[in-house]
Amino acid sequence: MKNLKTIFNFEFSEMTKKKSIIVSTAIISGALFLATFIPRFLPTDSGIDPGQTYFSFENTYILSEDTNLYLDLEAVFSGFEGVTIRNGKEDVEILLEDENIDRVFVVKSDTEYEVFTKSQTTPTYQEIYEGVYYEYLVTKRLDELGVDVGAVQDAQDIVFNGTHTFLGKDAFQGLFFAFAMLFALYMLILIYGQTVATSVAREKDNRTMELLITSTKPKALIIGKVLAVGLMGLIQLASLILALVIGYLINKSTYPDIIHYFLQTSVQLDVIVVYLVFTVLGYLLYLFIFAALGSLVSKVEDVASAVTPVTFLFVAAYMVASFGMNAPDATIVKVSSYIPFISLFTTPIRYMMTNVPVFELVVSILMMIVTTFIIMQLSIVIYRQGSLNYGNRMNLIKVIKSLIKKESIV
C-alpha cells in the first residue's frame, strides 16, 4: 500500500506539471464559461405586440380587372406593408422587370387567382394571401346571409384545457444532457487512455521499467499509474463542468424557461449518481485496457497500432449509445447494458430516458466491477511480463492463457 501511494503521488505530480494539461483545461474552461453569457446578447423581445399579427408581402403586386373585386382586395390588403393593388389590365412580364416587384397576383374571382414570380425560387406568399382573404370572405358571406358575425366568432371561441400526465420518463428531456455526458466521457477515455498507453510504452522503451520493477511490485506500478492519470482526467472534466455551472448560475435569469425546465427534469440526484458510478468504473476499465496494450509494445511509436482494436471497440460502443439516445428501449441497447465495455454509456442513458428495474441496474454495475477487476489483473500480468520482454511485441493470447493458469503475479 505504501508503494502504491508513493507511485500514485509521483505520477499525479508529474501530470500536474504538464503545461499542456493546465493550459488546455484553462482555455476550454474559459471558453465554456464565456459561452454561458451568450443568452445575454440574444434578442428576447421582437418589439411586436403579441396580440397582433403582422404580415409583409415584400414587393407584391395584386392586379384585378374586376372593379368590385378590386375594391374588396383594396379593403383587405391596403393596410399591409409591401403590397401594391391596382385595377385594370397590365403586362405581367413588364411588371416583373421592376426590381421592386417580386411577384404579381392576377385575381380573377374571390377564389380564383394566378401568381407570377421572377424565378422558381421566389416565395409566392400564397399561404398568406389565402389566409388573409379567407377571413374576409367568410365575414362577408355571413353578413350577406344575415348572420351575426360576432355570435359566430364567440361560438368558435372554444379553448380546451387538457393536461398530460406521463407516468414514465420523458426521453426528450434528458437528450441534451445524455449527449453531453456521452461526448465528454468519449473524449476523456480516448485522451487519457492514449496517455496511459504511451506512458507505459515509454517506460519500457527507455528501460525505466527495469528499474521500477526491481524496487516495487508491478501491481502497485500499474494501479498507481492508472489511478493518477484517471484522477487527472476526472479533475479536468470536473473543471469544465464547474465552469459551465458557475456561468449558468451567473446568467440564469437570461436563459429561456425551456432550458430551466430541461435541467430541472433531467439533472436529478439519482441520475447524477448513476452517471458517476458508471463513468468512474468504465473509465478505469478502459484505462487498464490501454495500460495493458501499452505494455505489449517495446517502442512508443507502436502504441497507435496496439490500441487500434480497443479504439474500434470503443467507437462501436459510442455508436450503440448514440442509437440508444433515440431508442432507449431497443433490444440492442438493453443487451448492451450487460456488456461492460458498452454499458458505461448505455445503462446511464437508459436510466435517464426510460424505466430501468433496480435488478438490471445492480447486475450491470456488478458485471462492470468484476470485468474491471479482471482487466486490472490482466494488465498487471502483461506489465510484469513486458518488463522481461524487449524487442518484440508480446502475444496477447499467450498472456491471457498465463492468467487463466493462475500464474503468480509479482
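Leaving aside its neighbours within four places in sequence, which residues is Thr-60 in contact with? Let's start there. Keep in mind that this is a predicted model. Thr-60 is in contact with Gly-82, Val-83, Thr-84, Arg-103, Phe-105 and Tyr-125, once those sequence neighbours are set aside.

So where is Thr-60? You'll find Thr-60 in strand β1, which runs over residues 56–64. Its relative accessibility is just 1%, and because buried means under 20%, Thr-60 counts as buried. One of those partners deserves a second look: the side chains of Thr-60 and Arg-103 are joined by a polar contact of 3.0 Å.

Now, two residues with backbone angles to point out. Most residues other than glycine have a negative phi. Asn-59 isn't a glycine, yet its phi is positive, near 60°. Asn-59 is found in strand β1, and with a relative accessible area of 31% it is partly exposed. The other one is Tyr-125, which we just met as a contact of Thr-60. Tyr-125 is not a glycine either, and it has a positive phi of about 60°. Tyr-125 sits in the loop between β4 (113–117) and α5, and at 16% relative accessibility it counts as buried.

That loop takes us to the helices. How do α3 and α5 cross? Helix α3 is residues 67–77, helix α5 is residues 126–144, and their axes come within 10 Å and cross at roughly 110°. That makes α3 roughly perpendicular to α5. The crossing of α3 past α5 is right-handed. On the α3 side, the contact is made by Leu-69, Asp-72, Leu-73, Val-76 and Phe-77, and on the α5 side by Tyr-129, Val-132, Tyr-133, Tyr-136 and Lys-140. Sort the residues of that contact by class and you get 8 nonpolar, no polar and 2 charged.

One more pair, further along the chain. Helix α9 (residues 218–250) packs with helix α11 (residues 269–296) at an angle of about 130°, and their axes are 10 Å apart. These two helices are therefore oblique to each other. Again, α9 passes α11 in a right-handed crossing. From α9, the contact includes Ile-222, Ile-223, Val-226, Gly-230 and Gly-233, while α11 brings in residues including Val-280, Tyr-283, Leu-287 and Phe-288. By class, this contact has 12 nonpolar, 2 polar and no charged residues.

So which helix contact has 2 charged residues? That's α3 with α5, whereas α9 with α11 has no charged residues. That's my tour, thanks.

Note on methods: Residues are numbered from 1 along each chain as its sequence is written. This is a predicted model: local features need pLDDT of at least 70, side-chain atom pairs count only at pLDDT 80 or more; totals for chains, interfaces and linings use all residues. Side-chain values use heavy atoms; hydrogens and water are left out. Axes are lines fitted to C-alpha atoms, for helices over the stretch in contact, and angles run from 0 to 180 degrees between N-to-C directions. Helices (H or I, at least four residues) and strands (E, at least two) are DSSP runs, numbered from the N terminus. Angles under 35 degrees count as roughly parallel, over 145 as roughly antiparallel, 65 to 115 as roughly perpendicular and the rest as oblique. A crossing is left-handed if the near helix is turned anticlockwise from the far one by less than a right angle, and right-handed if clockwise. Contact means heavy atoms within 4.5 Å. Ala, Val, Leu, Ile, Met, Phe, Trp, Tyr, Cys and Pro count as nonpolar, Asp, Glu, Lys and Arg as charged, and the others, Gly among them, as polar. Buried means under 20% relative accessible area, exposed over 50%, partly exposed in between (1.4 Å probe, protein chains only). A polar contact is a pair of N or O atoms within 3.5 Å; within protein, one must be able to donate a hydrogen and the other to accept it, and residues adjacent in sequence count only if both atoms are side-chain atoms.
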